[in-house]
Amino acid sequence: MDKLNLSVAMIVYNEEERLAKTLESIKDIAGEIIIIDSDSVDNTRQIAESFGAKVYNEEWRGFVEQKNSLTGKCTKEYILFLDADEVVSAELKQEIINAVKSGTFDGYYIRRKTHYLGKLLNYSWQKDERLRLVKAAAKPLWVGEIVHEELKIKGSISHLKGFLIHYSYRDIDDHFRRTIRYARLSAESYYKKGKKFKLSKMLFSPCIAFIKIYIVKGGFLDGIQGLIAGVSAYVYGFLKYAFLWDMYRVNKEKDNK
C-alpha cells in the first residue's frame, strides 16, 4: 500500500504496553510518524523508532502546549492526531485513505468506541466524536484547559463513519485512579477561574452524570461494564466538587492564620 500525504502525530509517556498496537494500525498509510515523548523511562522511544517514527523529547508542559508542538513538526498535507491508546479500525483506515486522497474537506471528525474490561462498548461514553484528521494548511490549534483540550481549525469539516478503538483503561484500578486524578485537575481548573463551590452541584451533578450514561445513553445495554462506566461518572462528578470545596477550605484556613 502506498503511503499517504499524511502525518500521524502523537504525544506519549511510558506507553510501551500499548504503543505498538496503535502504530501497527497506521504504519502502512502514514507518510511520517511524529511523536513527542516526555522522558519516558520504559521502552516507548525504542518501540516508536522501530516503526520509523521521528521522536522528539520535550519536557511536559500540559496537553495543549504539547499537542500544539506536534503541529509544527509535521510536514505532510494532512495530520492525524492520535493518542497512544487508540487503534484505527479497518473501516476507518479506508475512510482516511479516501479522505486524504480526495482532499475535499479541511478536517474530519472521528468517532471513538471504548474497549473496556474485555468488551467493546456501543453505548457507554457515547457519542464520543473528536476532530482528529485535519489539513496542516487549515491552521490546526489545540485549545482548552488543564484536562479538556480541543482541536480547532479554519475551514470546512465533515465526519468519517469508521471509528477508533479506544483502549482507555487497563483495568478497574487504572480507571478509578485516573478518575480521581481528572476530578482533581478539573477542580483546579474551576478554582483558577474563580468558580464557587455549590452544595447543590455536589449533590445533583453526580446523579445526573450517572443517569445520562447508564439510562439516557443506554449504558445498561453494555452489561456490567456499562454499570461501572456509569458509577465512574458519578464518582468523577462528586469528587470534582469535593476537591473544589477542599481547595476553598484550605485557602480560607491560610487566610485566617
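Visitor: What makes the reach of helix H4 close to the expected value?

Guide: In this predicted model, helix H4 covers residues 90–102, which gives 13 residues, and the distance from its first C-alpha to its last is 19 Å. The expected span is 1.5 Å times one less than the number of residues, which for H4 comes to 18 Å, so the reach of 19 Å is described as close to expectation.

Visitor: Which residues of H4 are buried, and what do they pack against?

Guide: The buried residues of H4 are Leu-92, Lys-93, Glu-95, Ile-96, Ile-97, Ala-99 and Val-100, each being called buried because its relative accessible area is under 20%. They pack against strand S1 (6–12), S4, S5, S6, S8 and strand S11 (157–166). As background, an α-helix has 3.6 residues a turn, so residues three or four places apart point the same way.

Visitor: What backbone feature is found just after H4?

Guide: Just after H4, Gly-103 takes a positive phi of about 65°.

Visitor: Why is the pair Glu-24 and Lys-27 called a salt bridge?

Guide: The closest N and O atoms of Glu-24 and Lys-27 are 2.9 Å apart, and a salt bridge requires a side-chain nitrogen of Lys or Arg within 4 Å of a carboxyl oxygen of Asp or Glu, so the pair qualifies.

Visitor: How do you know whether Glu-24 and Lys-27 are buried, partly exposed or exposed?

Guide: Glu-24 has a relative accessible area of 40% and Lys-27 has 38%; partly exposed covers the values between under 20% and over 50%, so both residues are called partly exposed.

Visitor: What makes Lys-67 and Asp-83 a pair that ties parts together?

Guide: Lys-67 forms a salt bridge with Asp-83, with the closest N and O atoms 3.6 Å apart. Lys-67 lies in helix H3 (residues 63–71), whereas Asp-83 lies in the loop between strand S4 (78–81) and strand S5 (86–88), so the pair ties together parts that are 16 residues apart in sequence. Both Lys-67 and Asp-83 are buried.

Visitor: Why are Asp-128 and Arg-112 called buried?

Guide: The relative accessible area is 8% for Asp-128 and 6% for Arg-112, and buried means under 20%, so both residues meet the definition. Their salt bridge has its closest N and O atoms 3.0 Å apart. Salt bridges that share partners join Lys-67, Asp-83, Glu-86, Arg-112, Asp-128, Arg-130, Arg-132 and Glu-149 into one network.

Key
Residues are numbered from 1 along each chain as its sequence is written. This is a predicted model: local features need pLDDT of at least 70, side-chain atom pairs count only at pLDDT 80 or more; totals for chains, interfaces and linings use all residues. Side-chain values use heavy atoms; hydrogens and water are left out. Buried means under 20% relative accessible area, exposed over 50%, partly exposed in between (1.4 Å probe, protein chains only). Helices (H or I, at least four residues) and strands (E, at least two) are DSSP runs, numbered from the N terminus. Contact means heavy atoms within 4.5 Å.
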